[in-house]
Amino acid sequence: MIKLLKTLCEIPAVSGREDKLREFILNEVSPYCEAKTDINGNIICFKKGKKTPLKKIMLDAHMDEVGIIATLITDDGFIKFQTVGGIEVGVMLCKGVTFENGVKGVVGMKPVHLSNADERKKFPGEEALYIDIGATSKEQAEEVIKPGDVAVFDSKVTLLGQDKIKARAIDDRAGVACLITLLKEEAEFDFYATFTVQEEIGCRGAGPATFEVQPDFAIILEATTAADIHGTDEENRVCLLGSGPAVSFMDNGTLYNRKLFDAARTSKVLHQTKNFVAGGNNSHAISLSKSGVATIAVSLPCRYIHSPCCVADLGDLENMLLLVKELTYKIGLGEVL
């Protein structure tokens, strides 16, 4: 699965521009399941298992990643932009970017020696940044970039130490990698799998996909912030790399199904509880679809999330896969009702 994750992280798929990743996923999973694409761009799969579960099961992972979108080109050829999804200004400064058509650029700002005293005292806002593509005029820049074009950060996938990986878009290519793997394997019970669009800008794909499937239970395969870094108090570390996937009891969008949460917490697969109520994911939209869906999120702990250099533990990824398989099996048997 490591090779698969590397490949997935190298495919650009900013929210609303998931086309290349969608094509790759369809090529990977179509021989192993029934797969179709809806009008929104979601992939909806049905995997036939050995048995029919007592309740309909859906597994979900979002395809999209955070990025930037061009909004205006200045007279001197610089590209003004806005973020697509939540990206902190600090992780963007002086980073390389690549647009959909392959044009390269660098995120820049006014040099410190040209800033006044007040400007030096405060961190710059997004409005102070621009992308330098090497153009010398508006006309030259407009030959290759138009407002609405999107870009991702340049980031080479790298192994750190013996068991860590550094890459762009681990959120949520980790979930996508697990879901592809599950669809390729023999399944004990039938299940649906959704690869959804536009999670990073408000979970806009998950609702329609869930409405189509109409599941009773849903497991959301995600990535979540790990703050187990120098200078962070223990109570604010959220979750830890190397301690298994994180299971949530609540976030800013969802109060998770208690029976599913308990089923996860009693598993012998290495896992941990996400000990901070923050953020959100597709669970919110999924849980509210039609008459409601019982949901649980199983997330890969990830340092420096929504940056060019996300860091995750490969052992956590393997245990995430095992925990999702176990939960799917328990739901299929009717142990979670």
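This note sets out several points on the nonpolar cores of the model and on one of its strands, S16.

1. Basis of the note. The model is predicted, so local features need pLDDT of at least 70 and side-chain atom pairs count only at pLDDT 80 or more, while totals for chains, interfaces and linings use all residues. Residues are numbered from 1 along each chain as its sequence is written, and side-chain values use heavy atoms, with hydrogens and water left out.

2. The largest nonpolar core. A nonpolar core is a set of buried Ala, Val, Leu, Ile, Met, Phe, Trp, Tyr and Cys residues joined through side-chain atoms within 4.5 Å. Buried means under 20% relative accessible area, exposed over 50%, and partly exposed in between (1.4 Å probe, protein chains only). The largest such core has 71 residues, and Ile25, Leu59, Ile170, Phe195 and Ile219 have the most contacts inside it. Helix H5 (residues 170–184) gives the most to this core, with nine residues. Helices (H or I, at least four residues) and strands (E, at least two) are DSSP runs, numbered from the N terminus.

3. Ile25 and the second core. Contact means heavy atoms within 4.5 Å. Leaving aside neighbours within four places in sequence, Ile25 touches Ile43, Met63, Val176, Ile180 and Phe195. A second, separate core of 22 residues includes Ile68, Phe99, Val103 and Ile145.

4. Strand S16 and its partners. In strand S16 (residues 294–303), 10 of the 10 residues are buried, so the strand is largely enclosed by the rest of the structure. Two strands pair if DSSP finds at least two bridges between them. Strand S13 (residues 217–225) runs parallel to S16, joined to it by nine bridges; Ala218 has Thr295 as its bridge partner in S16. Strand S14 (residues 246–247) pairs with S16 in the antiparallel sense over two bridges, and Val247 stands opposite Val298.

5. The hairpin. S16 also runs antiparallel to strand S17 (residues 310–313), with two bridges between them. Here Cys302 stands opposite Ala312. The two strands, S16 and S17, form a hairpin with six residues between them, and Tyr304 in the turn has a positive phi of about 60°.

6. Ser299. This residue lies in strand S16. Ser299 counts as buried because its relative accessibility is 2%. Leaving aside neighbours within four places in sequence, Ser299 is in contact with Glu222, Ala223, Thr224, Pro245, Ala246 and Met320. Ser299 and Asp171 are 128 residues apart along the chain, and their C-alpha atoms are separated by 9.4 Å.
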